[in-house]
Every structure is written in structure tokens, then in C-alpha cells.
Amino acid sequence: MQAIRKPKRCVSVLNNLFRFRISPNSSPYLLPSPKQLCTDSKEPTTSAPIDAGSSNRKPINLWPGMFHSPATYALWEARSSIFEKPINLPNGNAPSLSKTPSKSRTSIFYNFSSDLILREQYRNPWNRVRMGKLVEDFDALAGTIAFKHCCSEDGTTRPLLLVTASVDKMVLKKSLRFDTDFTIVGAVTWVGRSSMEIQLELTQSAQGNPNISNSPALVANFTFVARDSDTGKAVPINQISPESEQEKSLWEEAEQRNKLRKKMKEEQHHGENRDTARLNALLAEGRIFSDMPALANRNSILMKDTCLQNSFICQPQQRNIHGRIFGGFLMRRAFELAFSTAYAFAGAAPHFLEVDHVDFFKPVDVGNFLRLKSCVLYTELDNLTEPVVNVEVVAHVTKPELRSSEVSNRFYFTFGVDPEAIKNGLRIRNVVPATEEEARKVFERIDAENLSLVKKGGNLHVVKENKCTEKTNI
């Protein structure tokens, strides 16, 4: 049996791993003031990057849960001073400020090229980047940016509860190399009365490699909302004053997304009965599976036969600064279940393409019994050499004592399939809904992603809007 290492050595390793570096003239929370974003050829100057492999541990009564990624620890360290010295203001109100996006601009650096301990924590079984961990870090960085925007100029802030409301998009634009350094940078791009949108970009360090460009490899848009920490009601936050052309362009894009979200909610609320023809057409093949299973298309499969699920009790080690379960942790668990679902469905290890959308409906508390249920919603088979699998994961907070179960989150992920497996004869099947509820979920995502239904070989298939050549009239 291998001898146990001496405790002092373990402590030394942990202290080296979780060391957070701050410049001498900066406060524990606010990083050095960044310069404004620019649109010329120069790279925009940002706050000093936060080292993802270093962080100090706070006293246990001031620190959130354990077992998160080292980057998450470092980010929470950067804003933990807010909770060490809470500010008492009448009714939790303070004058709102107007800030430029550069004031909230923050970056985090992953030294994967030389920090082997850090790299090991982000390695998956195929020696690639563990995307679930990056998704968790994106949420933590977005939260830090939200806090920086809502704080006052002296580094203090009102007692606000800032929570993730949704993730509109997280798109992988090119493959990630595991042997190069990463930088994730983001800033507030749009602000409403009590909500804000934050855009994050991940870039890889070229380090002289001509195969790596400086363009963003992963882009995400997070929406955060502010609530009063005592009443839970929406409260106004600092407004935003975009200055550069790039900042103004990002604000306009975010404004359009916000209007589109409101429009889609209204259409879903008032238009539930106008899709009868589309529903009947989509359910036609599902009825064959139910009524004449021997004659059903062998290249199709019922949605219910693609489902997986897992359950767990939410532990205190998984909490965030507010004492509730960290949204990034929920996104990571959902991603890993979605990956497993796509893996079991396709018969080959999938690769991540994008997070289509994430909704946070209700908070998840420590001690909650959480059930994650997943299924393949649809597949895109218009290009058989590059099939796409769309997976839904729904989180339910279950309370056996009250015999109740409520949906807390919905996650939508898109995966590709290994091209080598496709070349070797692997075929991806078409997914068919069997109930009206399942069909409505498919249409909701098809409309949100600007997809269309095309009839091929007597069956309906989901295709990209710009590739649609034989649209049905449904």
C-alpha cells in the first residue's frame, strides 16, 4: 500500500493552487481600473487578468461551497469583500450611477501551457477541454462582472442579490486546443431597469502557432437580474453609457435580443392554439409508432426512448456566495447529463457545439432534492456527414414531504458527432415526438433557432432555415 503523503505537503500544494494575486495599489475586490474599449487595431486594455489557478481561502463563515473549479474560487475571491463589510442603506436603495462597459470589463487567464495541475482539472477522458467546467467558469465570471457593474465607485455596493436569469447563446466557433493558454474576457453590454446582459469571449493564445487565430473561440451572452436581498423584489441598477462604436453596436444587438425575448414570450402566451396543423403533421409518424410499431420507420426513434435522468441532494459544498446552489454547478451537471444523452443516442462520443439557451426559473437551495431529466429533442440530418443532436435537460426541485415537484431550470445543448464514426457507417436516427407536449417543445426550439421542417421520404426533418429547399405548408 502506498504511504500517505505528509499533511504539510498537501497544504503546500493547496496554498500554491489557490493563491490569488492582487496588485499592491488595488482593493481586495476592485481590480485596477481598465481603459475604455476601443475599435481600432489596438487590443483593448482590461483589468489585470485573474489567475485561474490561484486563490486565497476565506474564513469558512464568509466563503461559499467547496469543490468548484479553481477559476470559480478565484473569481469569488475577487468580490468576497462585499460580504465581509455589508453596507446598511435605507430600504436597500442608493443613487444609481451611469457606467461605461469598460468599468465592468474583467478577464481570467488559464495558464494551461505550463500549469499542469490546472490543466489536469480541465481535462476530459479524451484529453480535450472539459466543457462542463468552462461553462461553470463562464457563469462565475459573468457574476463577477455583474457585481462590478452594480458596485459604487469606492468598491462598495448595495445589498443586492444578483442571479443568472438566462443564457441566450454560448457558441463554439472553433475547436479548443488543450495545450495553449486561454483568456476569457467579458463586460456588461446592455442594462434594463433591473436586468443586464453580459457578453463573454474566450480566446486562445497563439504563442507563435500559425494554426491558432486571435479571433474568439467561444462567445456567450448571459442575462442577470437584481433583487433586493431582503424582499426579493426587483431593484434598479446602475445604467450603462456605451462610448466606443463597438460598445454602441453591442448595446444595439443586446437591445434587439431583449425585444425578441419579450416578443417570443407574448407569442407563446397568446398563440398556443394556432399550431394545430404543424402539431398534427409532426405527430403523424409518432402515431405510427404507437398504433403500428411493426411498420414504423427504422431510421426514426421515439423521443421518450432517448431519455436519461439522474437525481441528487444539493449539498452545502455546492452553494454560492448567497448560500444557494451555484448556477454554474447546475449548468455543469446539466451539460454532463446532456453529453451522456447524446453519447448514448449517437453511439459515439459527441463534441460540443453550443449552449442554445438556459432558463433559471426558480432558485435551488441547499438540501433540495434535484432531478435532472434529459432527452434528444431533434436531430438535424440535412447534412448526413455532419449530423447535429439537440438535447434538452429539465431540472425539477422535488419535495417528497409536500408531494410537489417544480421546474427550476431548462437547458438546451447542441452536439456534433465524430466524423470518423460517420465515415465508418454510423447513422444518426430522426427523433419523433409521440405526444402533443413533446411536439410543442420541438416547435418552441425550432422557432427559437430559426429552423424549418422539411419533408423527406415521407418524414419531417429539421433543417437550417437557409438550407431549406422543400418547405412544407405546416
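**A colleague's note on the cavities, the fold and P236**

1. Let's start inside: L381, L384, P387, I422, L426, R427 and I428 line the second largest cavity. Please keep in mind that the model is predicted. By class, this lining has six nonpolar residues, no polar ones and one charged residue.

2. How much space does the second largest cavity hold? The volume comes to about 30 Å³. Searching the whole structure for cavities of 30 Å³ or more turns up two.

3. Now for the chain as a whole. Its secondary structure consists of 10 helices and 17 strands. Of the contacts with a separation of 6 or more, 73% join residues that are 24 or more positions apart.

4. On burial and surface, you may like these totals for your own comparisons. The chain has 474 residues, and 49% of them are buried. Its accessible surface is about 23500 Å², with 50% of that belonging to carbon and sulfur atoms.

5. One residue to look at on your screen is P236. You will find P236 in the loop that runs between strand 7 (218-228) and strand 8 (239-240). Is P236 buried, partly exposed or exposed? P236 counts as partly exposed because its relative accessibility is 30%, and the partly exposed class lies between the buried limit of under 20% and the exposed limit of over 50%.

6. Which distance separates the C-alpha atoms of P236 and L160? They are 10.0 Å apart in space, while 76 residues separate P236 and L160 along the chain.

Conventions:
Residues numbered from 1 in each chain as written. Predicted model: local features only at pLDDT ≥ 70, side-chain atom pairs only at ≥ 80, totals over all residues. Heavy atoms only, no water. 1 Å grid on protein atoms, 1.4 Å probe; cavity = no way out; pocket = protein on both sides within 12 Å on 5 of 7 lines; lining within 4 Å. Points joined across faces, edges and corners; volume = space filled by probe spheres on them. Nonpolar A, V, L, I, M, F, W, Y, C, P; charged D, E, K, R; others polar. Helix = DSSP H or I, 4+ residues; strand = E, 2+ residues; numbered from the N terminus. Buried < 20%, exposed > 50% of the residue type's maximum accessible area, 1.4 Å probe, protein only. Contact = heavy atoms within 4.5 Å. Areas by Shrake-Rupley, 256 points an atom, 1.4 Å probe, with all protein chains shown as cover.
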